[in-house]
Amino acid sequence: MPQEPQTGAGQETGRTLNRRGLLSCLALGAAALAGCQPPPQAPLKLGLNPWVGYDPMVLARDRGLLDAAQVKVVELASSSETMRYLRNGLLDGAALTLDETLRLADDGVDLRIVLLLSTSAGADVVMARPDIRTLTDLRGRSIAVERTTVGALMLQRLLQAGGLQPHEVQVRNLEASQHLSALRNRLVDAVVTFEPLAGPLQAEGLRPLFDSRQMPGDIVDVLVVRAETLTRRQPQVEAAVLGWRRGLHALERDPQASAELLAAGVDLTPADYLTTLKGLKFYADGEGLALMSGRPRALGQQSEGLAITLGLMGLLRETPDWGRLLDEDWAGRLQTLEGAQP
């Protein structure tokens, strides 16, 4: 039997239910649309180990000059740990030395150099006893060197500059912290060291014999990212570059205040921190870009000797592909960024 249509309160209830149903559908639709939106992108994970040459990025973070929503600075204990994290995909980018970058690329890690940070301009030095006045005086003498690529590279360049063969010197592998004791006990005649450790050695009567100013382009700090990171997350890479520039300008405006803030992080006193700064040269706007550009890339030409030496040391198998490491499109974008206010 057909039902009589409802009227009055029942009819109103029906309409109310329909409105509620419509509102529910609209709410569900909005939620569904919201669910289709991509989640906020995680910050770029940028690794670095304690080193004065990387500190403008730390200063930018600590002073709020780096966009924390775009870039996260991951501080690691050593360059070896930074390289391992980058190799294993735990970092999107890192601050490294150029030789470390070439070794990772040689191992198949697809990297792009996005910024030149600094270069050693006397911070790495060979100190010798007062009676050793020339490089040839090292023949038959003992030299202490730390087991690092930079230490090995300094030793190699020292021997080349002095016309010495490896067998003509005695090499002792010692941590840099042991060098002063070894010299005092006459276990070695010279050491491959760096600031600020070189200062106390000079106070003990040792004299500088050779330093990184005589090997330009060999000890360079760079900012690298994974190739896929530069392709897919370029705005975050740009944020890292801008943060670096702001941090560097802050450091250069007030080095004393910056040293007081940063020195403890690299286990130095503020005075030692400032001494180390004097042995570094930070790349100015445009200066690094010029080295990253050109055909062939100017940095590749400057660093040809470095690549050859690393090959002779058994640390590189292939000639570096500078056209790949230094992306031409990124160089154009970097030029635009360097024209912006820091």
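Start with the whole chain on screen and think about contacts: of those with a separation of 6 or more, 81% are between residues 24 or more positions apart. Keep in mind that you're looking at a predicted model.

Now color by secondary structure. You should find 16 helices and 11 strands in the chain. Switch on the surface next: the chain exposes about 17,200 Å², and carbon and sulfur atoms supply 52% of that. As for what's hidden, 47% of the 342 residues are buried.

**Stop one: a pair of helices**

Select residues 79-87, which is helix H3, and residues 98-106, which is helix H4. Two packed helices are described by the angle between their axes and the distance between the axes. Here the angle is about 35 degrees and the axes lie 11 Å apart. Turn the view until one helix sits in front of the other: H3 passes H4 in a right-handed crossing.

Which residues in H3 meet H4? Show the side chains of Ser79, Met83, Leu86 and Arg87. On the H4 side, their partners are Glu100, Arg103 and Leu104. Sorted by class, this contact has three nonpolar, one polar and three charged residues.

While those side chains are up, here's a handy rule: an α-helix has 3.6 residues a turn, so residues three or four places apart point the same way.

**Stop two: a glycine in a loop**

Follow the chain out of H4 and pick glycine 108, in the loop between H4 and strand E4 (111-120). Is glycine 108 buried or exposed? It counts as exposed, because its relative accessibility is 61% and the cut-off is over 50%.

Try the distance tool on glycine 108 and arginine 87: they are 21 residues apart in sequence, and their C-alpha atoms are 9.0 Å apart in space.

**Stop three: helix H9**

Jump to residues 234-253, helix H9, with 20 residues. From its first C-alpha to its last, H9 reaches 29 Å, close to the 28 Å expected at 1.5 Å a residue. How many of the residues in H9 are buried? The count is 14 of 20, so this helix is mostly covered.

**Stop four: a hidden histidine**

Last pick: histidine 179, in helix H6 (residues 179-184). Histidine 179 counts as buried because its relative accessibility is 1%, and buried means under 20%. What does histidine 179 touch, not counting residues up to four places away in sequence? Select Ala144, Val145 and Glu146, then Leu174, and finally Val191, Val192 and Thr193 to see its contacts.

How values were computed: Residues numbered from 1 in each chain as written. Predicted model: local features only at pLDDT ≥ 70, side-chain atom pairs only at ≥ 80, totals over all residues. Heavy atoms only, no water. Helix = DSSP H or I, 4+ residues; strand = E, 2+ residues; numbered from the N terminus. Buried < 20%, exposed > 50% of the residue type's maximum accessible area, 1.4 Å probe, protein only. Contact = heavy atoms within 4.5 Å. Areas by Shrake-Rupley, 256 points an atom, 1.4 Å probe, with all protein chains shown as cover. Axes fitted to C-alpha atoms, helices over the stretch in contact; angles between N-to-C directions. Left-handed = near helix turned anticlockwise from the far one by under 90°. Nonpolar A, V, L, I, M, F, W, Y, C, P; charged D, E, K, R; others polar. Expected span 1.5 Å × (residues − 1).
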